[in-house]
Amino acid sequence: MIEALFFYVFSTVLVLSAMMVISAKNPVHAVLYLILSFFNAAGLFVMLGAELIAMILVIVYVGAVAVLFLFVVMMLDIDFTRLRDEAQKHAMVGAITGGVLLGELAWVYSQWMGARDALARAAQTAPQATKGLTNAHALGQLLYTHYAYLFQVSGLILLVAMIGAITLTLRSRPGVRKQVISHQLDRNPADVVKIEKIETGAGVS
Amino acid sequence: MTEFIAPAFSPAYPEIFLAIMAMILLMLGVSTDKEDYRSISRFSILSLIAVGMVVIRLYEGGVTTFGGMFVVDGFSSFMKVLVLFGAAVSIGMATRYARRERIMRFEYPVLILFSTLGMMLMISANDLMALYMGLELQSLPLYVLAAMQRDSVRSTEAGLKYFILGALSSGILLYGMSLLYGYTGTTQFAGLAAAFESFSHGGVPLGVMTGMVLLMCGMAFKISAVPFHMWTPDVYEGSPTSVTAFFAIVPKIAALALMARILTGPFGNMVLHWQQVIILLSVASMVLGAVAAIGQRNIKRMLAYSSIGHMGYALSGLCAANQTGVQAVLVYAAIYMVMSMGAFAFVLMMKRKDRMVEDIYDLSGLSKTQPMMALGMAVIMFSMAGIPPLAGFFGKLYIFQAVVNAQLYMLAVIGVLSSVVAAYYYLRVIKVMYFDAEDEALDAQEDRGLNLVMMLSSLSLVTFILVPAPLITAARLAAETLLR
Amino acid sequence: MAELWTMYGMPLAIIVGKILLIVGPLLGAMAYLTYAERKVMAAMQMRQGPMVVGPFGLLQPLADGLKLLGKETIIPSGANKFVFVLAPMLTFALSLVAWAVIPVNAGWVLADINVGILYLFAISSLGVYGILMAGWASNSRYAFLGGLRSAAQMVSYEVSIGLVIVTVLLATGSLNLTEIVMAERPLWVTALLFPMFVIFVISALAETNRAPFDLPEGESELVGGYNVEYSSMTFALFFLGEYMNMILMAAMTTILFLGGWRVPFDIAFLEFVPGFVWFAAKVAFVLFIFLWSRATLPRYRYDQLMRLGWKVFLPFSLLWVLVVAGALIYGGGLPPATVEVIHVIP
């Protein structure tokens, strides 16, 4: 009973906050709602027994991605009401297209049937449940053996994304004096400071 | 713990080598003080050629590895050699241009290497997930390359447009994949084919149908088939020309290979169902490619529409869904690649008073001022239009033969008609070059490499009729392994 | 009705009791941490510190708390009211919920979950929201700058903290905090982990916005940083949250590197001392390091801070993950497999 209760709480809040993400007037609020919906999704994962994925969701999406999102949105100076008015010009077309797509999807899913052995085939790749098997063990076993190829390729994709971000944004600005700590440490008082005994009233030449 | 058995790495040696080379070159580029574009691009060309040799050397029929996610067969070797060749040539073509336009950064060849790697993975994909990974690895560098000239608004716009639409198409593709997985419980091509075995005569469930159509939409975006072509003209026009050359020459070949593998592999039993979709895409692309290019003055935009049209012809070869069809597609892809290499080498040479020009009417009277250049371009344009006895004609001939053999007469008729329409704008370029009043002359060519590429391209288009056997045989062998 | 009580009421009451048992001492510890800070800094600067309220100024924290409670809460007119009030509550709540998984003695833990260390990492990475929201909602430039600085800083140092955690996990083979404490480590593995301990403590300073990484507050340039507009209870919640986070980070250090509640170096005759005392002593030691560095080190400049995080800690900890993994594999220090994973690839 408690589980059902939590399920409904999580899913209701998830759906509502997801709707608020796209309808909130203030973009910062929208991002905050997005975070809330991430949290509820993580809660649903915990209820499924996928605790590792839940934590990764929070760490990666809430802890890192959404922070940067919020960062950017807070610094943006865009008149969102004007943007919205622009978008509302096409609201009718959008609504019709969306409605048709939704109808089609509903039609597809109402007639949904899977292949007879689909479940068995999908279960083939999963490790067998043994006593004390944790999420981390099971996922690690799968990810680093059977799917090692995909794992490596995703690494390459991320590398490319990094190269791209750096290529498109890094500019070397001339005239910036960077701190070079070794230079600072190498500086020797004897080379740069001159101590002179000045006669009274004579001044330095 | 169960003992972990390492997968066989040998089928993937070319890919592993290319990945390592790309990373080494990246580190070299980062650590050398002045950004040493020249040597990096030379090394990348060398490594692409080396990988190509390894691909040919390692040629074996039908091996899978990495738990069946990666397949190497004659088809993949053929396509990989094409892709590697195209990538190497387009890096070589870019050198001078990059220096002039100040996009001479070492990341440029490195990104092309990564993109090529993605294409190779795509060609060898034997699993939906591997397909998606290869596709992303292929397209991510392309987005960056399109926006490479970051001081130019057009280039940035091209990159952004390409990125947003590309992300959308990836989303559509993934949604289709998820539907297919939901139906079958597997992502492997072999498993999918087994699950779809019973569909050979109608009765495909709606979910599978939707998944398949969405998957094809995603791939049609990558080869810019109508109605998923909208990005092509803008991206071609906005990107730096050397990047556009790469876009036109290589990625489409890889995407075409992927499409051929998927349609004949897992969906091999559903020909009747996907055939209508492909016919629609093909007819729309051929017609739009022919009609929309007529109004273009910008030569890059014109070539963009022309590439849309060419993809339409290639797709109609796929509609035949048999070995001759696939063979025709392979031959067509190879010829298309050679033609666009030549055409873009020409565009890269178009400059006046040291500034790039892109208008077709800048070429007025080129035959008087630069006779060799005009002659080379004329041959390429004739070939693109499909005038016998040039290679482009034979490419189309094989395609239409296959289409007629498959009794798709309407498709063949539309194809021929649209190629007649398309001939108008190809011939217009020739007319401008040969019969229009002499304009201010274009600069003399100092880039021998580009000249060489264009000359070799037009020469091979002319001589194809004399020695067609190597390409035809290779394509036949490749098509045989795919449809076994 | 009785059934309802035994099924839901009793467990609920027990859990609430446990929570109170954790939160109560924690708040006390936090109060006296502020006192300790002032005393330690005073001693290092040859002063006396608080001496007026109570003997040796021992009642000073209570007096401070009462004073803050009695003040008026001021909400700036241009502020986004909801977010403005939410931010301090979030900060405080987050600093408390993390304690649910911290084992202070063998079995003395509210929720002994499998992914304890990830939970801690997740919660500590959320701390940035309170600050970012406060900075934005205050509608003040100083506060906003403080919020942005702190967001960038915390996200940067989280990366190296994550890698440090990975190295410790390599040596223990479990994500469960109790198992991490109980894992037997050979001496050479401990020695190998020492550089990571140093990185972790420094990153913890940055993560909690403590000196020498207290740029988000930076009173000399930003007046008070993100909490410039806060007063009374809302300010007190930020203050509480900051010190609670310090204790949390110290507890994490204790669990990951200092052996939790276990007797130091397994000296047999010290075993009569209960585990939680050792735990508290070790936490106090780490906290002393925190205070010590505040009294000793000047504040980092912003570019220096970023340089340290991204160009020193990140490459080094990446390298060290490799070194530790290699050493564990070839030196035979890998933790024994606790479960058997049966997996046949089709």
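What percentage of the 484 residues of chain B count as buried?

**View 1. Chain B as a whole in the predicted model.** Of the 484 residues in this chain, 60% count as buried. The chain comprises 20 helices and 4 strands, and its C-alpha atoms occupy a box of roughly 70 × 60 × 40 Å along the principal axes. A compact globule with 484 residues would have a radius of gyration near 23 Å, and the 22 Å found for chain B therefore agrees with that expectation. Among contacts in chain B with a separation of 6 or more, 81% come from residues 24 or more positions apart.

**View 2. The pairing of helices H1 and H2 of chain B.** The axes of H1(B), residues 13-31, and H2(B), residues 37-57, come within 9 Å and cross at roughly 170°; because angles over 145 degrees count as roughly antiparallel, the two helices are described as roughly antiparallel to each other. Residues of H1(B), including Phe17(B), Leu18(B) and Met21(B), meet residues of H2(B), including Ile40(B), Phe43(B) and Val51(B). The residues of this contact divide into 12 nonpolar, 3 polar and no charged.

**View 3. The largest nonpolar core and the surroundings of Tyr332(B).** Within this core of 201 residues, Ala254(B), Leu258(B), Tyr332(B) and Ala333(B) touch the most other members, while helix H14 of chain B, residues 323-349, gives the most to the core, with 21 residues. Leaving aside neighbours within four places in sequence, Tyr332(B) is in contact with Tyr313(B), Ala314(B), Gly317(B), Gly395(B), Tyr398(B) and Ile399(B).

**View 4. A second, separate core.** This core of 109 residues includes Leu90(C), Leu132(C), Trp261(C) and Val283(C).

Methods: Residues numbered from 1 in each chain as written. Chains lettered and ligands numbered in written order. Predicted model: local features only at pLDDT ≥ 70, side-chain atom pairs only at ≥ 80, totals over all residues. Axes fitted to C-alpha atoms, helices over the stretch in contact; angles between N-to-C directions. Parallel < 35°, antiparallel > 145°, perpendicular 65-115°, else oblique. Contact = placed C-beta atoms within 7 Å. Nonpolar A, V, L, I, M, F, W, Y, C, P; charged D, E, K, R; others polar. Rg over C-alpha atoms; globule rule 2.2 N^0.38 Å. Buried ≥ 20, exposed ≤ 12 C-beta atoms within 10 Å, placed from the backbone. Core = buried A, V, L, I, M, F, W, Y, C linked by C-beta atoms within 7 Å.
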